[in-house]
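Please open the model in your viewer and keep the selection tool at hand. The tour goes from one selection to the next and says what is found at each stop.

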Amino acid sequence: MINKYATLALVLVATSTVLADFDGDQKNELIAISQTNGNVSYFESDLNPNSVAFKANLTSEGQAVVIGDFDNDEFPDLFVGRNMGSLLGLTWYESNGSDDSVAAVRTGISSLAILRNGLAVGDYDNDGTKELYAITATNDLLKFVNTGNNTIGTAQNIASGVLSVGVYDLDGDKKSEMFVARATGIDWTELKSDGTFWFKTIPATNVQAVRFGDIDGDSAADMLAVLSDGSVQWFEAAGNDTIPILVKTFGSNVVSATIVDVDSDGVNEVIVTRNSDTTKCFDPNANNSLVETAINGIGAGYQDLASVGFTYGNTPMPTIIYRKTVVEMNDVPDGSADIEFPGLATSEDMNGRLMLGYMFGKHPGYETSAQLISGNWGLTWDPHGAPLSWLINTELPGIGPAISLGTITARVDARTFTTLLGRRWGDSMLLKTDTATANLPFDTTQAVFHRGLILLDDNTLLATMYVIKTGFTTREVVIMQSSDLGSTWTYRSTAVNYLAWMGDEGPNESAMVRLLNGNLLLVARTGTMSNTVTDSSTVPLVYAISSDQGNTWSIPVSLGVPGVDPGLIVLEDGRVALSYGRPGVYLKFADATGTNWSVPYPIYTGAGCGYTGIAKHADGDLLVTYTESDFNNRLASFWSHPDPKNRLKIAKIAVSQRCKGQGFDTADLNFDCNVNFTDYSILAKNWLVSN
């Protein structure tokens, strides 16, 4: 691949860069400012390890940049600070969804010159609305608030003698703190709900930039402080509002740093820029060591590196708490096989029990099923029994056992199919297998259960199935019903028919949930990205809604993103989380009606099968399983993946604002926002239990 940036390396000596998915195309972008002419240049990840490609120049005369969803409209905002030219001060831009342009929302926000490294966006007062912070060339810290309708309030001068600023939840209490770097140290403050605040000083002097993230994947927040002597200090949160611990000092001649998964391998790296040397990447290794490598396509002289997230409404978009490897290549009998197709189920009593099904082999071709069980929310796993070919799961409180359906069916005749039926009673996670029979009112050549298994108030079970009717090549999604706990199934309705604008497969793999308003929401795959299908607009996920218990359905609507194997979870506040993949692995969120959807949130953007498992943790957060592999080289058009890793992972993703935004106390063992006798009983019951 020709890297266009290499042709501009002599003139694009950047003073400020930001990493984020700015145009919503599910790739990370790099916004870089040229030191020589102030061009705000736009680069995009090319999905190759440690590499970006030049896209366009967005504007000019820049000095500092930051990206964040300032106005809570779910689209990233770009703020450019200047200290020269006709646009002196601050300008607010917003992505228009295009690779090569932005729209100016507000100009002339301030007429003061802005310091290099001098911008931050965050919700310090934790009111659900972000503020913009800017440092002037005279080291005064200005605060700007969003006043609605694309307007910004008058600047408030809140501090002087400031070198750098950041807003982040370092102590993990789900409340943002402010970090104001001065010559004498970093002032660390948190505003309390009663209007008071606590204040501490982190002993790092002459700090030119502060950046935050999780370097070592231990779920504890880390802070980087770039010092004026060119070294970088790595601090890790110690909890309980105590001063973070200095882990190590590294680097030389560094002018800026950030923490980001630059190569989409599921592990964050530290990226540093230098005045007189190329940009470097430090990969975390064992014992807090960092392995230094180069980044292709980024030259010398960059500063103000930052990676930021987005917001959905007034709720922070998800934060990945941790990623853990569950299965690796050496764990399967055939070490050359791909690990693929993870399915995840949990128990209704939310006591930490998870069941994980997956497959290994080469797709399509030979593939073998396997199954694991966890009793501690996926922290450790053990093999478990004879697996179903796939897991779709529901609990039947008060009327019978929890059940699971195998997706692969055996054809009896053109209208009758059988599949495995798993039942689980009480506290046991053992699935007792039986046979379920499905009867259709029309002739078919294929019938496959998938994902959507729910229980109605009248104790009727509903399940999604996709079929190919005799004489057709495209699929459609139908709803099957059972009144005998899953032993026999009959046709109830057609949820999604094939339409000409859908992918050539037609509606197939689908998920279904019941919303808090009683309606049913269904999301379906219509095609797949591949080496031959590279236009994502031709294979969108679609959704449909039923307001009469699945008897009739709305006209399907495109979600505007490609994907396979959608998974749905209803969150405690009524919102809906959707997991999907291929390429990559992503989440989208809908409001309680299931009709207003967020931008995609990336979990993993590398190679893999794209299938996901999704379950809800007792604390309200999400657990998502996915795989990393070359998927039998079926997606070579999208990735050059010399080391596909070949592993299955589980990620815990924070989406909950439980306990009035304060988070759960460590002694709150049943996650009910109270510490009482119940928690002590749980502790006593498990006192001598060991894994």
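**Aromatic pairs and charged side chains**

Begin by selecting Tyr-580, which in this predicted model is buried, with a relative accessible area of 0%. Add Tyr-586, which also counts as buried, at 3% relative accessibility, and then look at the two rings together: the centres of Tyr-580 and Tyr-586 lie 6.0 Å apart and their planes meet at 25°, so the pair is stacked.

The count of aromatic pairs comes to 14. For another of them, select Phe-79 and Trp-92, whose ring centres are 5.6 Å apart with the planes at 25°, so that this pair is stacked. Phe-79 belongs to strand 6 (residues 77-82) and Trp-92 to strand 7 (residues 89-95), and the pair thereby links distant parts of the chain, 13 residues apart. Both Phe-79 and Trp-92 are buried.

Next, select Tyr-168, Phe-179, Trp-188, Trp-198 and Phe-212 together, since ring pairs link them into a cluster. Staying at Trp-198, add Lys-200, whose charged end sits over the ring of Trp-198, 5.7 Å from its centre. A similar selection is Lys-324 with Tyr-322, where the charged end of the lysine sits over the ring, 4.9 Å from its centre.

Finally, go to Lys-143 in strand 11 (residues 141-148). Which side chain of opposite charge is nearest to Lys-143? It is Asp-125, 4.5 Å away, and Lys-143, although buried, has no salt bridge. Leaving aside neighbours within four places in sequence, the residues in contact with Lys-143 are Asp-125, Glu-131, Leu-132, Tyr-133, Thr-154, Ala-155, Gln-156 and Ile-158.

Key
Residues are numbered from 1 along each chain as its sequence is written. This is a predicted model: local features need pLDDT of at least 70, side-chain atom pairs count only at pLDDT 80 or more; totals for chains, interfaces and linings use all residues. Side-chain values use heavy atoms; hydrogens and water are left out. Helices (H or I, at least four residues) and strands (E, at least two) are DSSP runs, numbered from the N terminus. Buried means under 20% relative accessible area, exposed over 50%, partly exposed in between (1.4 Å probe, protein chains only). Lys and Arg count as positive and Asp and Glu as negative; His and the chain ends are not counted. A salt bridge is a side-chain nitrogen of Lys or Arg within 4 Å of a carboxyl oxygen of Asp or Glu. Contact means heavy atoms within 4.5 Å. Rings of Phe, Tyr and Trp (its six-membered ring) pair if their centres lie within 6.5 Å; planes under 30 degrees apart count as stacked, over 60 as edge-to-face and the rest as tilted. A charge sits over a ring if NZ of Lys or CZ of Arg is within 6 Å of the ring centre and within 35 degrees of the ring normal.
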